[in-house]
Amino acid sequence: MHIGLLGATGPAGTALAARLASVGHEVTIGSRSKYRAMEVRDSIIEKWPRAELHINSADNLGAAEGEVVVIATPWNAATETAHSVRPKLRGKVVVCMSNALSKVGREFQPLVPPRGSVSASVQAELRDSYVAAAFHHVPATELGRIDCPVVSEILICSDHQRATVTISDLCSQIPGMRPLDAGELSNATAIEAFTAVLLQLNVRYQTRVALQLAGIDDDPRA
């Protein structure tokens, strides 16, 4: 599958690009600057020279050509980025992994966008797309270590079953990662906000936590 990542030059977007490519997908890293995307693409290839990763680079418009598109921008640029490539995203599954957070002193605090979450704001902008909220709680460092499993749950919220199934299938291809259907897009408010708690735990305990939930069978839909 061809997967495009918009604004994917930060740690989380770069790590997700490498990880998706490591399980056989063709990935295009996008950015406002195609030259910045090229630099990031080259850095991944140089880091994993034996992995045979199929990664391309482009501006965001070029990355939006993907069959599935991930918005990996900072939260306050997500809706604007979605708007800038909206015609390319009609009828596609679009993943938003942005969290609206602010750091005040040593504390991380969640912000509440006008529609309750960044993902809901993106869905309002992309009325002809199938938006899902996902990948909010995966530590970027571990995600980018493609030679090791990612031991983490991935909570997926969407109003569209097609989006939930598509992203669940992608996650299931990544060793150690377990997708969980967390309901409709309205639940993204809590999921995005909870990222502030995880970041605070990282600071307090000098670690990188990942989300794991007990009491759910391997196939929660069974």
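Trainee: Is Ser117 buried or exposed?
Mentor: Happy to start there, and keep in mind that this is a predicted model. Ser117 sits in the loop between S7 and H5. Buried means under 20% relative accessible area. Ser117 has a relative accessible area of 1%, so Ser117 is buried.

Trainee: Which residue has its backbone nitrogen 3.0 Å from a polar atom of the Ser117 side chain?
Mentor: A polar contact is a pair of N or O atoms within 3.5 Å. The pair you ask about joins a polar side-chain atom of Ser117 to a backbone nitrogen 3.0 Å away, and that nitrogen belongs to Ala120.

Trainee: Which residues does Ser117 touch, not counting those up to four places away in sequence?
Mentor: Let's look beyond the loop between S7 and H5, where Ser117 has its place. With residues up to four places away set aside, the ones Ser117 touches are Leu185, Ala188, Thr189 and Glu192.

Trainee: Which residues of H8 are buried?
Mentor: Good one to trace along the helix. H8 covers residues 188–205, and its 18 residues reach 26 Å from the first C-alpha to the last, close to the 26 Å expected. Its buried residues are covered by elements including strands S6, S7, S8 and S9 and helix H5. Those buried residues are Ala188, Ile191, Glu192, Thr195, Ala196, Leu198, Gln200 and Asn202.

Trainee: Which residue just after H8 takes a positive phi?
Mentor: Follow H8 through residues 188–205. Just after this helix, a positive phi of about 50° appears at Gln206.

Trainee: Is Thr79 buried, partly exposed or exposed?
Mentor: You will find Thr79 in helix H4, residues 78–84. Buried is under 20% relative accessible area and exposed is over 50%. At 27%, Thr79 is therefore partly exposed.

Trainee: How far apart in space are Thr79 and Ala120, C-alpha to C-alpha?
Mentor: Leaving aside neighbours within four places in sequence, Thr79 is in contact with Ser121, Val122 and Glu125. As for Ala120, 41 residues separate it from Thr79 in sequence, while the C-alpha to C-alpha distance is 9.6 Å.

Trainee: Which two residues touch the most other members of the largest nonpolar core?
Mentor: This core has 38 residues. Helix H1 gives the most to it, with 6 residues. One of the two residues you want is in contact with Leu16, Val95 and Ile167, among others. The two are Phe135 and Ile167.

Trainee: How many residues are in the other core, which lies apart from that one?
Mentor: Its members include Ala82, Val85, Val118 and Val131. Counted in full, this other core has 16 residues.

How values were computed:
Residues numbered from 1 in each chain as written. Predicted model: local features only at pLDDT ≥ 70, side-chain atom pairs only at ≥ 80, totals over all residues. Heavy atoms only, no water. Helix = DSSP H or I, 4+ residues; strand = E, 2+ residues; numbered from the N terminus. Buried < 20%, exposed > 50% of the residue type's maximum accessible area, 1.4 Å probe, protein only. Contact = heavy atoms within 4.5 Å. Expected span 1.5 Å × (residues − 1). Polar contact = N/O pair within 3.5 Å; in protein donor to acceptor, adjacent residues only side chain to side chain. Core = buried A, V, L, I, M, F, W, Y, C linked by side-chain atoms within 4.5 Å.
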